[in-house]
Amino acid sequence: MSAEARAELDRHFEWFAERLPEKPARFVRWVRQPSSMWVRIPVAALLILGGILSFLPVVGLWMLPLGLLLIAQDVPFLQKPLADALGWMERKWMERKAKAAVRAKDRE
């Protein structure tokens, strides 16, 4: 797909990695490297499968988007829709944080 969608996806991954503790952030950065493709694809497939089986205990719906994000590294047609979805989520996240800050200030 477009280099723009790929760059946007990379930016979102880095945004997430910055907010993770050190070890998970290191794993995310490692699994996104091109040399980790043979690990990334099976992990992504297992996460997607776990997300589909979210009605079972232990696995959950959280696994589906994570698997899709990982597989998007190697499936170009998923990059643009996922970059758009992540952009929307990031905007909503920032709006929510801003509203919470306003509410906290109003309480003072």
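Trainee: How much accessible surface does the protein have, and what share belongs to carbon and sulfur atoms?

Mentor: In this predicted model, the accessible surface comes to about 7700 Å², and 68% of that belongs to carbon and sulfur atoms. The fold itself is five helices and zero strands, on a chain of 108 residues of which 29% are buried.

Trainee: Why is Glu22 called exposed?

Mentor: Glu22, in helix 2, has 61% relative accessibility. Exposed means over 50%, so Glu22 counts as exposed.

Trainee: And what makes Glu90 count as buried?

Mentor: Same kind of check. Glu90 has 15% relative accessibility, and the cut-off for buried is under 20%, so Glu90 counts as buried. Glu90 sits in helix 5 and, leaving aside neighbours within four places in sequence, is in contact with Arg11, His12 and Trp15.

Trainee: How do you know that the side chains of Glu90 and His12 make a polar contact?

Mentor: The two side chains are at 3.3 Å. The limit for a pair of N or O atoms is within 3.5 Å, so the Glu90–His12 pair passes on distance and is listed as a polar contact.

Trainee: What makes Arg11 and Glu8 a salt bridge?

Mentor: Their closest N and O atoms are 2.9 Å apart, and the rule asks for a distance within 4 Å, so the pair qualifies. Both lie in helix 1, three residues apart, which means a separation of about one helical turn. Glu8, Arg11 and Glu90 are also linked in a network of salt bridges.

Trainee: How do you know that Glu95 and Lys92 meet in a salt bridge?

Mentor: The N to O distance is 3.8 Å. The cut-off is within 4 Å, so the pair is counted. Glu95 and Lys92 are also about one helical turn apart, this time in helix 5.

Trainee: Why does the Asp10–Arg32 pair tie together parts that are apart in sequence?

Mentor: Asp10 and Arg32 form a salt bridge, with the closest N and O atoms 2.4 Å apart. Asp10 is in helix 1 and Arg32 is in the loop between helix 2 and helix 3, so the pair ties together parts that are 22 residues apart in sequence.

Trainee: Why is Asp10 called partly exposed, and is Arg32 buried or exposed?

Mentor: Asp10 has 28% relative accessibility. Partly exposed is the range between 20% and 50%, so that is where Asp10 falls. Arg32 has a relative accessible area of 16%, and under 20% means buried.

Trainee: Which residues make up the largest nonpolar core?

Mentor: Nine residues: Leu9, Phe13, Ala17, Ala25, Val28, Leu69, Ala72, Leu82 and Leu86. Helix 1, helix 2, helix 4 and helix 5 each supply at least two of them, with helix 1 giving the largest share, three residues. Apart from this core lies another, of seven residues, including Val31, Ala44, Met63 and Ile71.

Trainee: What covers the buried residues of helix 4?

Mentor: The cover includes helix 1, helix 2, helix 3 and helix 5. The residues in question are Met63, Gly67, Leu69, Leu70, Ile71 and Ala72.

Trainee: Which residues form a nonpolar patch on the surface, and why does Leu49 count as partly exposed?

Mentor: Leu46, Leu49, Ile52, Leu53, Phe55 and Leu56 form the patch, with about 610 Å² of accessible area together. Leu49 is in helix 3 and has a relative accessible area of 44%. That is under the 50% line for exposed and above the 20% line for buried, so Leu49 is partly exposed. A patch residue needs over 30%, so Leu49 clears that cut-off too.

Notes. Residues numbered from 1 in each chain as written. Predicted model: local features only at pLDDT ≥ 70, side-chain atom pairs only at ≥ 80, totals over all residues. Heavy atoms only, no water. Core = buried A, V, L, I, M, F, W, Y, C linked by side-chain atoms within 4.5 Å. Buried < 20%, exposed > 50% of the residue type's maximum accessible area, 1.4 Å probe, protein only. Helix = DSSP H or I, 4+ residues; strand = E, 2+ residues; numbered from the N terminus. Patch = residues over 30% accessible without salt bridge, like charges linked within 9 Å, V, L, I, M, F, W, Y side chains within 5 Å. Areas by Shrake-Rupley, 256 points an atom, 1.4 Å probe, with all protein chains shown as cover. Salt bridge = Lys/Arg side-chain N within 4 Å of Asp/Glu carboxyl O. Contact = heavy atoms within 4.5 Å. Polar contact = N/O pair within 3.5 Å; in protein donor to acceptor, adjacent residues only side chain to side chain.
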